[in-house]
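Let's take a friendly tour of a protein model, from its overall fold to one of its pockets and a patch on its surface. Have a look at the structure below before reading on.

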Amino acid sequence: MANSNKRLKMTSLSHLSGIRQTDTPPDSGTSSPSLDSAPSPQPKRTSKKSPRTASDKLVTVNIKINKSDKEWLAATASRIRENNADPVPPNQRVYPQHLIGVAIAVLKQSDVNWDEVQNIQDLREQLNLLDH
């Protein structure tokens, strides 16, 4: 009984945070990584969009980054949210994990010869990031 009460409280808090926990894509048509990939107890909404494939399923990744980079991500995401004069629906708000997702997309689309990359210095050179 205690576990069900605890779960209800956690669900309520995450529901209020605006971060999606379902495996259904947001209404905006863009994917937004969630902080928790646990299924939501709410009924799944029907959508005209096709369901996610196994490779599109959101997963939690634990990474370590510099404190200054974490602060930059948070400040940048906040700045982006403040750019909106009108209220933005929760599933369209920008958070640091969205910026990381965009960075992954940039790497995927970059003109890097991945067969030549042996270390982070090689990658920085191919991306012309030598001064960092």
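To sort residues by character, we count Ala, Val, Leu, Ile, Met, Phe, Trp, Tyr, Cys and Pro as nonpolar, Asp, Glu, Lys and Arg as charged, and the others, Gly among them, as polar. Keep in mind that this is a predicted model.

Let's begin with the overall fold. The protein has four helices and zero strands, and along the sequence its pattern reads α-α-α-α. Of its 132 residues, 19% are buried.

Next comes a pocket. The second largest pocket has a volume of about 960 Å³. Its lining is made of 19 residues, and those closest to the centre are Asp69, Ala103, Leu107, Arg124 and Leu129. Helix H2 (67–82), H3 and helix H4 (120–126) are the elements that each give two or more residues to this lining. Which element gives the most to the lining of the second largest pocket? The answer is H3, with seven residues. Here is how the lining of this pocket divides by character:

| Character | Lining residues |
|---|---|
| Nonpolar | 15 residues |
| Polar | two residues |
| Charged | two residues |

Now turn to the surface. Val59, Val61, Ile63, Ile65, Ile100 and Ile104 form a nonpolar patch there, and together they have about 530 Å² of accessible area. One of them, Ile104, lies in helix H3 (residues 96–109). Is Ile104 buried, exposed or partly exposed? Ile104 counts as partly exposed because its relative accessible area is 45%, and partly exposed means between the 20% limit for buried and the 50% limit for exposed.

How values were computed
Residues are numbered from 1 along each chain as its sequence is written. This is a predicted model: local features need pLDDT of at least 70, side-chain atom pairs count only at pLDDT 80 or more; totals for chains, interfaces and linings use all residues. Side-chain values use heavy atoms; hydrogens and water are left out. Patches are made of residues with over 30% relative accessible area and no salt bridge: like charges are joined within 9 Å, nonpolar side chains (Val, Leu, Ile, Met, Phe, Trp, Tyr) within 5 Å. Accessible areas come from the Shrake-Rupley method with a 1.4 Å probe; for residues, only the protein chains shown count as cover. A salt bridge is a side-chain nitrogen of Lys or Arg within 4 Å of a carboxyl oxygen of Asp or Glu. Buried means under 20% relative accessible area, exposed over 50%, partly exposed in between (1.4 Å probe, protein chains only). On a 1 Å grid over the protein atoms alone, a cavity is a set of points where a 1.4 Å probe fits but cannot get out, and a pocket is an open set with protein on both sides within 12 Å along at least five of seven lines; lining residues have an atom within 4 Å of a point. Grid points are joined across faces, edges and corners, and a volume is the space filled by probe spheres set on the points.
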